[in-house]
Each structure stands twice: as C-alpha cells, then as structure tokens.
Amino acid sequence: MSETDKRIGALYIRVSTDKQEELSPDAQIRLGYIYAEQHNIHIPEQYIFRDDGISGKKADKRPAFKKLIAFAQSKEHPIDCILVWKFSRFARNQEESIVYKSMLAKDKIEVISTSETIPDGPFGSLNERIIEWMDEYYLINLSSEVVRGMTENAMRGNYQAPPPIGYRSTGPKQPPEKDPDTFPILEYCDKWLMEERMSLRQIALHLNDMGYRTKHGNLFDARGIEYLLRNPFYAGKIRWNYTERGRKLKPAEDVIMVDGKHEPTWSWDHFLAIQARLDDMAAANAGRGRRKRDVSSCRHWLSGILTCSACGKSLSYCGPSNAKSFQCWSYAKGMCRESHYISVAKAEENIIMGLEQMLADDNLSYTVVHKSSNSSGKESELLRILSRLDEREKRAKDAYLNGIDSMEEYKETRTQIRFERDRIQSELNSLPAASSAAEDDQRMIQNVCEVLDILKNPEADYPQKGNALRKIVDQIIFDRKNMNFDFHLKLVK
C-alpha cells in the first residue's frame, strides 16, 4: 500500500520522569511506528510531539500537547488520528480527556492507544472511559502514596530534603555529611553565642564580614541565625511534618522527630543549652517590646517615612529612653553595615526645614500619582475593561468555531459585548481633560504649605502629622554621612 493510501497520523509522547524506563520516549516512538505500520497509518517525522518530564494532570502545563491540538484543528486538517502509548499519556484528567477527544472527534480525528485494545461499539467507549478513570485515580492515589512513603522513610531516620547549611548531600539514600566549606559557620555561631555572649545581630554581622552567605546566597540576619541554631538536625535528629503551607507550625503531636543517621554537630544536652540561651534572649527582647508599645514612644509621624541611604530599609523609632531616635532596622538585625542613628528632635527639625527650603527656592520636584477614582485612573480602568471585552469576544468566537456555542448564542453574546463596549467608550469620551503642569505646581505648593502648618502646630498629634505628611511624601532618604535628606514628593490627583 502506498503512502498516499494510508491514513495520516501524529504521535504524542509524554514521560513524567526520566526514571520511567518502560515509558521512555524512544520506546513509545518505536511502539507507535510498529502500530502505525500494522494499521496502515503513515506518521511523518515532523508529526511527533513530545513532552518530557511533565505530569499529565493539566493540559495547560504541556506545551507540546497544546501545539498538537492546535495543529490537529487547523484549517488544513493535516491528520486523521493521534497515536499514544496509553490513554494516560494523552491525559490523566478524565474531564480534560473527554473535552479534547470531543473537540478532535468533530474534525473526525481519532485518539488511539497502541497498547490498550478497545473494541468497537458502545462497550468500547465504556471501556475507554473506565481506563481513563483508572488513570485519574492512579494520579490521585499516587500523591498520597508518595506522602506515606516519605513519612515511612523519615521514621527510619533517613533525611529527604536538601541538607541544611554546614552539611552536603552524598548521594541517593545516603546521610548528609559535614561540608568543610560551610561547617565553620556552625562552630562560629556556637562560640559567639555561648562563650562570647554575642547577640544574634552581632553574629550575623561577623559572618557577613567573613564572606559567608546563606544557602540562597543572601546576607545573614538575626532571624536566620536563630532559625539555624534551633534546627534539631544539628543535634542528630530528623524532623519531619512540622509545618503546613505558609510555614505554619503543626501541633507537636503531629511532628515526627527521630534519630538521624548523619553525624551530629552538637550533643543533645548542648543543643538544649543553646535553646535555653535563645529563650533567655527572646524573653529579654519581649520585655523591651512591651515598653515600646507605649503610645508616646511607638507612634511618630516620621515612622515608615525615613529610609536608610545605604540599604533602602526604613528607620525604626527607638525609645522610650530620653534619647529618642531613629535607626535603620536592617542595621539593628545585622544586615546593614552603616549606622543611620539620628535623634528624633534633629530629624523633625530637618524635615520641617527641608520643606520650607524647597518652598523658598521654588524647587518642588514631585511625582504625579493618579487614583483610580479620578479621571486619569478612571481612564486606565475603562481601557482595561475594553481590553477584557476584546478577549471575551475572541473567546466567544472560538466557542462558536469549536461547536461549543450555537450561532444564536454567539450572536447574543456578541451583541451584549458590543453594547457594553459602546457604553464604556461613551464614558471615556465624557472624562474631563487633564490639568496643566502650572496647575499641578500650584496645587503642590498649596499642599506643602498645609502640611507645614500641621507639622508646626504643637496641638497636632502624631496621627494627624503622619497622615498629613503621607499625603505629599512617599519617602525621605536619610544620608547620615552627609546629613542630607532627599525628599520624594508626590501629588495625588
């Protein structure tokens, strides 16, 4: 039989992992060609579509599959059938499988499994649905089996995650071993915390200065040092199932804690001593935190506005001692090397002087910010709605062309969309024209004057001053070396 007398087919290949040797791409291709030859089907080499290492649960995650469906439904109708090794290669989600097979059937394109015999007639369709349902059930059951297997593995003391800092992986099913390049981090943390009584911030600063970094290449901070020191892995324990999504800790009775097979860093008694030291430090910090909750010391109109020129983080209010001040919070955590200490009185004085000086010099540089409720923001929102209407009309057309909607349904939908488009366009045409630059300048001057009146009013409280300042300022960058305050003003329209 000549090539022209044969049906034209495409071959779809999918493997979930590289370890599934029985489902290797080469094996699926070979079996596909054997089946095609036996059933008078010609498969051109360019008609092979392949997704490697991708789950079949969702079609939108498989680029080759999506390309195949689009190719099959093109105007030329280039193929008569699609061959797969098993129906599970086509889809493991039964709902999607039915949808795509129905779409292809309208173009008289058949999906054929080369290894699963399906009889003709209604019992054949039933058999095919049963196979698809079993494939979907397998996928659902697989995830629970994986979790069960990992839990059993953890119970045996096997570590099944990337090793923490200070250790490295030695191969599959092998316990992690100490990493000579990063293990000194643990020794330094232990010494500085227990012998030299350093704070977590000081430890982070010292490690950063020595060139050490986290596993992700970032600078250490106080929180990261505490997380490291509280990890029972370093005391020879394997901890499993201790957090939910969002890093929320699970109840203690649900956590698996067993002896690991790796060499520990510290004895269990020494690990408990480290925990006691950390608890004492946390209690001391909590005590200072209670005093900081006093209204007169924790609420200031510059809080969240002043930022560090070195790292860009906010300056935190420090109190309630007589020397009230601001300091970079990143510096306090050991991540910023430059102190940006400034007294509250000095900061207040410089902010007021800076605003007054900009008015006197007629040097108000600002950014215009549009709210969604005004004309410019309204225009942007209306334009977005028009864009969505265009997408909606396109989807309605696709639904009609694919036989999902009838001609009457398509016409009704298109009429509704065009009516809505005309209404939005009418709103766009009625929006007022934008204000001029001169009008914006005058309004900005007026806003700054009003804010200055509030800031210099001794009867205005912190919330009043803070709310007023935030209406005209995004941030004020403080450069302590040069005692410079860089104002980032804004005009909200």
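## Strand S1 and its partners

In this predicted model, strand S1 and strand S3 (residues 48-52) are paired in the parallel sense over 5 bridges. Within that pairing, leucine 11 stands opposite isoleucine 48 in S3. S1 has further parallel partners. Strand S4 (residues 81-84) runs parallel to S1 and is joined to S1 by 3 bridges; here the bridge partner of alanine 10 is isoleucine 82 in S4. Strand S2 (residues 41-42) also pairs with S1 in the parallel sense, over 2 bridges, and isoleucine 8 stands opposite histidine 42 in S2.

How many of the 9 residues of strand S1 are buried? In S1, which spans residues 7-15, 7 of the 9 are buried, so the strand is largely enclosed by the rest of the structure.

In general, the strands of a sheet pair through backbone hydrogen bonds, and the pairing is either parallel or antiparallel. The next sheet gives an example of antiparallel pairing.

## A sheet of three strands

An open sheet of 3 strands follows the order S11-S12-S13, and its pairing is antiparallel. S11 and strand S13 (342-343) are the edge strands, each pairing on one side only. Between S11 and S12 there are 4 bridges in the antiparallel sense. Leucine 315 stands opposite cysteine 328 in S12.

## The largest nonpolar core

The largest nonpolar core is made up of 34 residues. Those with the most contacts inside this core are Leu306, Phe326, Leu355, Leu469 and Leu489. Several helices and strands give two or more residues to the core: strands S10 (306-308), S11 (315-318), S12 (325-328), S15 (473-479) and S16 (484-492), together with helices H12 (344-360), H15 (437-455) and H16 (462-470). Helix H12 gives the most, with 6 residues.

Which residues are in contact with leucine 489, leaving aside its neighbours within four places in sequence? They are Leu355, Met358, Leu364, Ser365, Tyr366, Thr367, Met444, Ile472 and Val473. Apart from the largest core lies another core, of 29 residues, among them Ile203, Ala204, Leu207 and Ile238.

## Helices H6 and H8

Two packed helices are described by the angle between their axes and the distance between those axes. H6 and H8 pack at an angle of about 100°, with their axes 11 Å apart. Angles of 65 to 115 degrees count as roughly perpendicular, so H6 is roughly perpendicular to H8. From H6, the residues making the contact are Ile185, Leu186, Cys189 and Leu193. From H8, they are Ile225, Leu228 and Leu229.

Helix H8 covers residues 222-229, and its buried residues are Ala222, Ile225, Leu228 and Leu229. These buried residues lie on the same side of H8, because they cover an arc of only 125° around the axis. Ile225, Leu228 and Leu229 are thus named twice for H8: they are buried, and they take part in the contact with H6.

## Serine 199

Where is serine 199 placed? Serine 199 is in the loop between helix H6 (183-195) and helix H7 (200-209). The relative accessibility of serine 199 is 26%, so this residue counts as partly exposed; the buried class is under 20% and the exposed class is over 50%.

Serine 199 and alanine 222 are 23 residues apart in sequence, while their C-alpha atoms are 8.2 Å apart in space. Alanine 222 is one of the buried residues of helix H8.

Notes
Residues are numbered from 1 along each chain as its sequence is written. This is a predicted model: local features need pLDDT of at least 70, side-chain atom pairs count only at pLDDT 80 or more; totals for chains, interfaces and linings use all residues. Side-chain values use heavy atoms; hydrogens and water are left out. A nonpolar core is a set of buried Ala, Val, Leu, Ile, Met, Phe, Trp, Tyr and Cys residues joined through side-chain atoms within 4.5 Å. Buried means under 20% relative accessible area, exposed over 50%, partly exposed in between (1.4 Å probe, protein chains only). Contact means heavy atoms within 4.5 Å. The arc is that of the directions from the helix axis to the C-beta atoms. Two strands pair if DSSP finds at least two bridges between them. Axes are lines fitted to C-alpha atoms, for helices over the stretch in contact, and angles run from 0 to 180 degrees between N-to-C directions. Angles under 35 degrees count as roughly parallel, over 145 as roughly antiparallel, 65 to 115 as roughly perpendicular and the rest as oblique.
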